[in-house]
Amino acid sequence: MLGKGVLAEILETIIYKKINLLIVNSTLSPRQQKNLEDNLRVKVIDRTGIILEIFSKRAKSKEGKLQVELADLIYRKSRLVRAWTHLERQRGGTTFIGGPGELQIELDRRLIQEKITRIKNSLKKVRNRRNQQRKLRKKSNFKTFALVGYTNAGKSKLFNRLTKKNQSSKNVMFETLDTKTGRVHLGKNIYVGVIDTVGFINNIPTQLIESFKATLEELTYADVLINVIDVSDIDYKNKEKITIETLKMANVCESKINKMITVYNKVDLSPYSHDSKKLNFISAYTGDGIEEFKSSLINY
Ligand SMILES: Nc1nc2c(ncn2[C@@H]2O[C@H](COP(=O)(O)OP(=O)(O)OP(=O)(O)O)[C@@H](O)[C@H]2O)c(=O)[nH]1
Ligand SMILES: [Mg+2]
């Protein structure tokens, strides 16, 4: 993965700048991680590792914590299996039975699996409760719009603008992990529901998609999706695509994705601010374009 020259350079920087953690922005096999740690003598984590770490810092609700713990366990289990296969291969698959290393790994694996099963059961209860709530909502004949998009695009800020609620919105990644629903008055006697939920990122760890099933399931039940884009980000076109890919991974049906509304947020920061007169160019921060956007929702 890294040549000797690059490794030497990294080592030099680590020593010179007294660095004690190396984050590699791609997936490392357990073996690659260990080799790097042995060579550089600092803790090494990969992209999935750091994303799981951030998620575990953000989780506040019981459900959020359970989902993050599940993702973490699935990640760790996959690493154990691979490490074990490696040991097996090294020994040429001969007479080695029940060596201490192997036993420990087997035991860890079983404990991890037991925990995974326990958490999955608790999450199943959450999903059942959600289904009940959803049925009640359906009865009230509300149309629901779900805000989706890349992390930090401004979904929660927009949610607050629309619903006058106070969902935490911060300039950090993955501030929102749980789903929140609010009611929006569109004028006359028309009310709709709006859902704020977890944000996406490119190369999202599959463990997270698997663990956040209950949260992501809300999207498959929402009537219309709204892709919130940070238009002040030079990479916004790419992020728009990443959201679509992630929705597909989360099993949201194609027709819903094709019908998705796109809003361009943060026009106040964007060089395209003159576009703010265009429909769906908004600022959740200043309120620009929000009333027009709200009125346009009546048509759905
Ligand atoms: N200038 C400006 N800042 C905005 C706007 N909308 C959101 N922000 C800021 O962008 C940051 C991220 O906003 P959030 O609402 O937390 O973004 P999010 O999409 O909910 O992020 P996650 O929950 O991590 O997925 C916050 O610091 C907001 O104050 C906007 O229209 N203009
Ligand atoms: Mg948010």
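User: Before we start, when do two strands count as paired?
Analyst: Two strands pair if DSSP finds at least two bridges between them, and please keep in mind that we are looking at a predicted model.

User: OK, so how do β4 and β5 pair, parallel or antiparallel?
Analyst: Strand β4, which covers residues 180–187, pairs with β5 in the antiparallel sense, and 7 bridges link the two. Within that pairing, Arg-183 has Gly-193 of β5 as its bridge partner.

User: What sits between those two strands?
Analyst: The hairpin of β4 and β5 has 2 residues between the strands, and Lys-188 there takes a positive phi near 50 degrees.

User: And which way does β3 run relative to β5?
Analyst: Strand β3 (residues 143–148) and strand β5 (residues 190–196) run parallel and are joined by 5 bridges; here Ala-146 is matched with Ile-195 of β5 as its bridge partner.

User: Switching topic, which residues come nearest to ligand 1?
Analyst: Out of 23 residues around ligand 1, the nearest are Gly-154, Ser-169, Thr-176, Gly-199 and Tyr-285.

User: Which helix gives the most to that shell?
Analyst: That is helix α6, residues 155–163, which contributes 3 residues to the shell around ligand 1.

User: What's the shell like by class?
Analyst: The shell around ligand 1 is made up of 11 polar, 6 nonpolar and 6 charged residues.

User: Last thing, how is the protein divided into domains?
Analyst: There is domain 1 at 4–54, domain 2 at 60–121 and domain 3 at 142–297.

User: How many residues are in contact between domain 2 and domain 3?
Analyst: From domain 2, 8 residues are in contact with 10 residues of domain 3, and the side of domain 2 that touches domain 3 has 4 nonpolar, 3 polar and 1 charged residues.

Conventions. Residues are numbered from 1 along each chain as its sequence is written. Chains are lettered from A and ligands numbered from 1 in the order in which they are written. This is a predicted model: local features need pLDDT of at least 70, side-chain atom pairs count only at pLDDT 80 or more; totals for chains, interfaces and linings use all residues. Helices (H or I, at least four residues) and strands (E, at least two) are DSSP runs, numbered from the N terminus. A residue is near a molecule or strand if its C-beta atom, placed from the backbone, lies within 6 Å of it. Ala, Val, Leu, Ile, Met, Phe, Trp, Tyr, Cys and Pro count as nonpolar, Asp, Glu, Lys and Arg as charged, and the others, Gly among them, as polar. Domain bounds come from an automatic or database domain assignment. Two residues are in contact if their C-beta atoms, placed from the backbone, lie within 7 Å.
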